[in-house]
Amino acid sequence: MSCNDTHKTRFVLEEKDMPTAWYNVQADMPEMPPYLDGAGEPARPEQLAAIFPPALIEQEMTKERYIDIPGAVLDILRTFRPSPLTRARMFEQALGLPDNVKIYYKYEGINASGSHKANSAIPQAYYNKQAGITKLTTETGAGQWGSALSMAGSQLGMDIEVFMVGVSYDQKPYRRIFMENYGAKVHRSPTNLTNVGRAVLETDPDTPGTLGLAISEAVEIAATNPDTNYSLGSVLNHVILHQTLIGQEAILQMELAEAEPDIVIGCCGGGSNFSGLAFPYYKRRLDGKSKARLLAAEPKSCPTLTGGEYRYDYGDEAKMTPQMMMYTLGHDFVPPGIHAGGLRYHGDSPLLSALVHSGDIEATAVYQTDCFKYALMFSRAEAMLPAPESSHAIAAAVQEARAAAEEGRDCTILFGLSGHGFFDLAAYDAYNQGKLQDFDFKTGTTR
Ligand SMILES: *Cc1c(COP(=O)(O)O)cnc(C)c1O
């Protein structure tokens, strides 16, 4: 292997070098504020048992630093991992960056469902099946999580029922078809199947739906059926845990590149792909091997980390979830229908929120038209098609690269390209036709 070949572009890990344990950041940070139940008391594991299997509840709470990945899960993950890490040479050229400003990206869109979400869907389906559960309910915003779980369900022999946020259901018929291909049942949320859905439809029959509402519906079905559990694609500690393969692989691949990032960037909805990439670097910083800044990029129209409050809040509109200490815009927040559907969530991972609150991790907010502008430039330069969500990381990377270039600083940037945009061409079309507007939540202005 020619590690010192400075023209190398792709940094390929062999299957045998894929990490076989997840990294649990809870081992390396202050005690997390507990989840609270409806009465405001610390939630007990038994209360979570109505919707989650024991292994995942254990992963939610444990302070064990490394957790072995079951062999059956590794076997499935290995069909699309390790994921590639690439130096974005052509994109650097397109941006006119000087030689001392370098951009690398780690790509999670290789699996058919098209994003990092498969990394958690597979272990979640596995642990539920192990606990004797036959069906999983879930919500999906943009469709990626539902797709990932549908795929995992078909691989592991579980029934999957998906509550898809209304606006996404209408905008993305191919996502619905994708899920149905893998045998899932897909509903436009809100539905008449749940108490919470019926209540909302009564007062607001034309609602575009929200992720929070879809969560409430999926949780209600799971909580009221003993053979059914609920599965969440982001936010919770066990989901973040499953995503840490991304950062662990990235560290090994950046070693192959003989480069150390000065800044690690990811887009942020509920925080799972960003944390999955960034937390292993947080550990590396604690070990004194990295000085990387860690930067989460979110939409200006739904700026949870940069515009929300750090406080207890519910994960869903109907207050069915426990309350979590996190950055939030309020559980009844209805974000504008921006196209990066996966970034429309009102809250954020409690783990990531705590590390942003403590100043260990930074956040920035970007306009969607800048995201599409740089996503297109990236597409043309790198022969890739980023998901609109992922384009927030690209826009933030460009900001950082340009700032370094202007100041004459050496700067190595690593960003997470969380998924592909093959199902998001309507959003690109809207951008190409000049139909997209920018909304800034903090100032209330549109441009
Ligand atoms: C769901 C999704 C996101 C946002 O979710 P996180 O939990 O913040 O990672 C980002 N990118 C893609 C491609 C997604 O599918």
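Start at the ligand: of the 19 residues around it, Lys117, Ser234, Gly269, Ser272 and Ser418 come nearest. Here a residue counts as near if one of its heavy atoms lies within 4 Å. This is a predicted model: local features need pLDDT of at least 70, side-chain atom pairs count only at pLDDT 80 or more, and totals for chains, interfaces and linings use all residues. Residues are numbered from 1 along each chain as its sequence is written, and side-chain values use heavy atoms, with hydrogens and water left out.

**Ligand contacts**

Stay on the ligand and show its polar contacts (pairs of N or O atoms within 3.5 Å; within protein, one must be able to donate a hydrogen and the other to accept it, and residues adjacent in sequence count only if both atoms are side-chain atoms). Select Gly269: a polar backbone atom sits 2.6 Å from a ligand oxygen. Move to Gly270, where a backbone N or O atom is 3.0 Å from an oxygen atom of the ligand. Then pick Ser272, whose side chain places an N or O atom 2.7 Å from a ligand oxygen.

**The seven-stranded sheet**

Helices (H or I, at least four residues) and strands (E, at least two) are DSSP runs, numbered from the N terminus. Strands pair if DSSP finds at least two bridges between them. Color the open sheet E1-E4-E5-E15-E10-E11-E14; its seven strands have mixed pairing. Its edges are E1 (10-11) and E14 (362-366), each paired on one side only.

Select E5 (residues 101-107) and E15 (residues 411-417): they run parallel, joined by seven bridges. Within this pair, find Tyr105 opposite Phe415. Now add helix H12 (residues 245-256), which packs on the sheet and touches E1, E4 (85-87), E5 and E15. A contact means heavy atoms within 4.5 Å. The direction of H12 makes about 135° with that of E5. Axes are lines fitted to C-alpha atoms, for helices over the stretch in contact, and angles run from 0 to 180 degrees between N-to-C directions.

Next is H13 (residues 272-286). This helix lies across E10 (263-267), E11 (293-299) and E15, at about 160° to E10.

**The four-stranded sheet**

Select E8-E7-E6-E9, an open sheet with parallel pairing. E8 (185-189) and E9 (228-230) are its edge strands. From one strand to the next, the twist averages 25°. E6 (residues 135-140) and E9 pair over three bridges, and Thr137 stands opposite Tyr230 in E9. Add H6 (residues 144-156): it lies across E6 and E7 (159-165), running at about 160° to E6.

**Helix pairs**

Show H9 (residues 195-203) with H10 (residues 211-223). Their axes are 8 Å apart, and the packing angle is about 145°. Asn195, Val196, Gly197 and Val200 in H9 meet Leu213, Ser216, Glu217 and Glu220 in H10.

Finish on H16 (residues 368-382). Its axis comes within 8 Å of that of H17 (residues 391-407), crossing at roughly 85°. That makes H16 roughly perpendicular to H17, a class covering 65 to 115 degrees; under 35 is roughly parallel, over 145 roughly antiparallel, and the rest oblique. Among the contact residues are Phe372 and Phe378 of H16 and Ile394 and Val398 of H17.

Turn to H18 (residues 425-432): the axes of H16 and H18 come within 11 Å and cross at roughly 105°. Again the helices are roughly perpendicular. Here Thr369, Phe372, Lys373, Ala375 and Leu376 of H16 contact Ala427, Tyr428, Tyr431 and Asn432 of H18.
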